[in-house]
Amino acid sequence: MNVEMLSRIQFAFTAAFHYLYPPLSIGLGIVLVMMEGMWLRTRNPIYHNMARFWTKIFGLIFGLGVATGIVLEFEFGTNWATYSRFVGDIFGSALAAEGIFAFFLESGFLAILLFGWDKVGPKLHFFATCMVALGAHFSAVWIIVANSWQQTPAGSHLEIGGHPVPLGHAFEAADLGRARMVIDDFWGVVFNPSSMDRLSHTLVAAWLAGAFLVISVAAFYLIRRRHVAFAATSLKFGLVLALAASLLSLVTGHSSAGGVAKNQPSKLAAMEGIWQTEGQAPLHPFGWVDMLHGHTAGPKIPAGLSLLVAGRSDHVITGLNDIPPDLRPPVQATFQCFHLMVAIGFSLIALSLWGAWLWWRGKLDDTGYCLTRWFLLLAVPSVLLPQIANQAGWFTAEIGRQPWIVWGYLRTSDGLSVVVKAHQVLTSLIGFGLIYLLLFVLFLFLLNRKIQHGPEPLEESHDLPDNWLKQQRA
Amino acid sequence: MDYNLLWFVLVGVLFAGYAMLDGFDLGVGSLMLGVKDDHERRMLYNAIGPVWDGNEVWLVTGGGALFAAFPPVYATVFSGFYLAFMLLLFALIFRAVAIEFRSKEPWLWWRRWWDRGFFAGSTTAALLIGVAMGNIVWGIPLDASGEFAGTFLSLLHPYALLMGATTVALFMMHGAIYLHMKTEGPLQARVREWINPLIIAFIVCYALTTLATLLYVPRMTHVLREQPALFAVVVLLVLAIANLPREIHRGRDGAAFLSSCATMLLLMALFGLGMFPHMVYSVPDPAHSLTAYNAASTEKTLKIMTLIAAIGVPIVLTYTTTVYYIFRGKVKIGKDSY
C-alpha cells in the first residue's frame, strides 16, 4: 500500500476511535448537569447518588477521550504536513482557540467534578459540572468550525508565493509548497456556510450518545430488577434528553442536508445515489449503487429528494453523470454510510417516543407489562445505535468531501507529508492498531465492571460534607 | 515588539508552562518504581491525580499555537520527526490510561503492570521531548523547500541524547520536589532522600550539555556575547538551581517548587534567546532555516490569535490557580481517588 492510502487509513482509524468518546462526554455532561441540578433543587439523595455514579462513568470516558485526542492534534503535522502549511493560517486559529477556551476549561473543572465532592460546597461543585459540560461543547465548536471551513471555505483566499489567486486556478505541483490559504475575515471563517448546521447536528447527535448510554444501563438494571429506584429515575433523565435530541437531530439533519445540496452538490449526489441531473429527483430510502452502470437500485420515492431539498418537486438536483469522475467522491460508501445514519436516526426517534409514551402511561418501570419489557430489551443494546450513527455520519461527511481535503482548493492526495515514507506510516498504524485494541478491550471491561457494580447503596453514598446539614439549618 | 516576536515568545511560554506543569507529573512517573508499597504508589498517583490532564493541555495548546502561528515549523518538525513523535504519542497515551485504569482493580499484577507502563511512558516521553529539543538546538538538515532531509536514526546523535538525559533528570528532580510538597510522614522522608541526588544528577547533565553547547553549537551563545546584559539570565538560572537545596534544607517546599519552576522558565528563556529568530536551524545550509519571520502566518492571523490569547489566558490562569488552590496541601486517599 502506498503512503497516501496508509495515511488516510491511519487518520480515519485514529479519528474514528477517538470519536467514540467525545460524544459520550458531551452527552453525559448534559445528563450530569441535569442530575446534579435536580439534586441541588430538591436535595433528594437519589439524585446525588445518580450524579456520583454517572460521574465515575464520565471520568473513565473522559480519560480515554483525552488520551486518544492528543494524537489528532499531532497527526495534522506528522502525516499531512503539506496540508498543515496550506491551512495553518486559518485552521490554526481554531485549534488554538479550542485549546484556550475548551480544553483548559474542561480539564481544569474536571478535577473538581471528579475529586472535589468533599473539597468544595455543592454549589461550586455544580458550577464545575456545568463548566465541564460547557467545555466539552466548546471543544466541539472549534473543531467543527475548522472542519466545516474545509467543507465550505469562506472568509479566506488562496495565495501562491504571496500573491492572491482566483478560485478554480489549478496550481502546478511545483506551486504546492508555496500555496496557502490566507484569512480575510475571522467571523467569515467561523460562520462559514456549513458550520452552524453541522455544529448543531453534531451536538445533538452527541447528546443522543450520552442519553442512550444512560437509557441502556438503566434498562439493564430494570430488567434484572437491580437498583430499581435508581434505574427508573436515570431512565427518565435519559429519555428527556433522548426525546429532545432525537427530534432535534431530524431538524438539524434536514438543514445540514440542505446546506450540502447548496454547497457540495457532488456530495449530495453521492449521499443520495443520484446519477441523472433532473427535476423530480427521487429519494431512495435504501438501495445499492451499481457503479458499473451508473445506476442506483432500490425503492424510490418519486420527486422525494427535490421536495426535501427545496420544497418543490421540480427542483433540479445535479447528478453524478454531470460531475467529472475525478471530482466524484466514492459513491457507494457515501451512500451507505448516509443511509445507515438516517435509518438509525429514525429508529432512535421511535425508541424515544415509545419510552415517552410508557412514561406517560406510568408503565416505565413495570416490567410485567409486555410493551415495557420489549422496550427495555431493545433499550439495552440501543447504546450502540448513536455510536454507529455518529461514525456513519462522519464517514459520510469526510468520504463525501473527497477528492478534496479543502473543498475546491486542495486535494487530499496533495496534502501529504512528502518526507514520510510508507513503512513509517505502516509502523505507526500497526502501533495504533495494537494500542487501541488494548485500550478498547480494557475500556469495555472496566465499563462493564462499573455497571455490574452499580451505584453505591443510598445510605453510604449520602456522605455530604460534614458541615452541609448545619449550613442547611442555618 | 512585532507580532512575530510576540508569538515566538508566547509559543515558548506555552512550552515552558508545559515543562513546569507536566514536567512534575512526568517526573513522578519516572520515580514511580522507587516506592514499592501499593498504598505509597497510590499516594504518588493521587498527588498528580486532579491536575495531570490539565497539565497535558499545555502541550496540546502549545502544539495548536505552533500550528497557528508558524505552520511551516509545525509541519516540518512534526513530519520530519515522524517516528519520534509517534513514539511520544504512544508514551503519552500509555501513561494517561495507566493513571486512569491502574487503581480501578485491586489485583496486584494488574497494578504492577500499569505502574511499569506509567514509568515507561513517562520516562520515554521526557526523553523524547529532550531529544527533540536537542535536535532543534543542534540543527537539522532541511532542503530548499524547508522539508526535513535527515532520517530517524540521524536524530539520535549524542548531543540530542545528552539533552534527553538532562530533561529526564530535570523532570525527575522537579517531580521529587513536587512530591515532597504533597506528601508527609515516612513517604516524604523517602522522597527527601531522592532530592539531593537528583539535583546533582541534573547539575551534572546540565553542565555537560552546556559544555557541549559551548564547544559544538557556539551560535547559541552569540546573543549573550553581543548583548552582555542578557548574561543576567544565566546568573538567575544558576541562582535558581543553587536555591533548590537551600529551600529544601529549610523545609520550605513551596519555595523549592517555585525555584524549580523558575529553573525551567529560565532554561527555556536561554533556549529562546539562543535560537531567535530561528525556529528550526538548518545544518549544513543555514539559508534553509525556518525563522519567526519566514515561517509565520499572516499578521492578520497573528493579531486574531493575540486577541484570543488576551481574552483566554487570564481566564485560564484564574481557574488553573483556583484548581491548584482547591487541591492544595498534602494528598489524602479518599474514595474518589485514583
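A residue is called buried if 20 or more other C-beta atoms lie within 10 Å of its own, and exposed if 12 or fewer do. The structure described here is a predicted model, and this way of counting neighbours can be tried out on a single residue of chain B before the two chains are taken as wholes.

Is Gly329(B) buried or exposed? Gly329(B) has 11 other C-beta atoms within 10 Å, and because the limit for an exposed residue is 12 or fewer, Gly329(B) is exposed. Along the chain, Gly329(B) belongs to the segment that comes after α12 (299-326) of chain B. Its C-alpha atom is separated by 17 Å from that of Leu21(B), although Gly329(B) and Leu21(B) stand 308 residues apart along the chain.

**The two chains as wholes**

Chain A contains 16 helices and seven strands, while chain B contains twelve helices and two strands. Read along its sequence, chain B follows the pattern α-α-α-α-α-α-α-α-α-α-α-β-β-α. The table sets out some overall values for each chain.

| Chain | Residues | Radius of gyration | Box of C-alpha atoms | Buried residues |
|---|---|---|---|---|
| Chain A | 474 residues | 24 Å | roughly 75 × 50 × 40 Å | 52% |
| Chain B | 338 residues | 20 Å | about 55 × 40 × 35 Å | 54% |

For chain A, a compact globule of 474 residues would have a radius of gyration near 23 Å, so the value of 24 Å agrees with that expectation. For chain B, the corresponding expectation for 338 residues is near 20 Å, and the value of 20 Å therefore agrees as well. Among the contacts in chain A with a separation of 6 or more, 77% join residues that are 24 or more positions apart, and in chain B the share counted in this way is 79%.

**Where chain A touches chain B**

The contact between the chains takes 56 residues from chain A and 56 residues from chain B. On the side of chain A that touches chain B, at least two residues each are supplied by α3 (45-79), α4 (81-115), β3 (179-183) and α14 (422-453) of chain A. Which of these elements gives the largest share? That share comes from α4(A), which contributes 23 residues. Sorted by kind, the residues on this side of chain A divide into 32 nonpolar, 18 polar and six charged.

**A strand and a helix of chain A**

One of the elements that take part in the contact, β3(A), is mostly covered, since four of its five residues are buried. Strand β1 (residues 156-160) of chain A pairs with β3(A) in the antiparallel sense over five bridges, and within this pairing the bridge partner of Glu159(A) in β3(A) is Arg180(A).

Helix α1 of chain A, which runs over residues 3-18, has 16 residues and reaches 22 Å from its first C-alpha to its last, close to the 22 Å expected at 1.5 Å a residue. Which residues of α1(A) are buried? They are Leu6(A), Ser7(A), Arg8(A), Gln10(A), Phe11(A), Thr14(A) and Phe17(A). An α-helix has 3.6 residues a turn, so residues three or four places apart point the same way. The buried residues of α1(A) pack against α3 and α14 of chain A, and both α3 and α14 also supply residues to the side of chain A that touches chain B.

Key. Residues are numbered from 1 along each chain as its sequence is written. Chains are lettered from A and ligands numbered from 1 in the order in which they are written. This is a predicted model: local features need pLDDT of at least 70, side-chain atom pairs count only at pLDDT 80 or more; totals for chains, interfaces and linings use all residues. The radius of gyration is taken over C-alpha atoms; the globule rule is 2.2 Å times the number of residues to the power 0.38. Two residues are in contact if their C-beta atoms, placed from the backbone, lie within 7 Å. Ala, Val, Leu, Ile, Met, Phe, Trp, Tyr, Cys and Pro count as nonpolar, Asp, Glu, Lys and Arg as charged, and the others, Gly among them, as polar. The expected span of a helix is 1.5 Å times one less than its number of residues. Two strands pair if DSSP finds at least two bridges between them.
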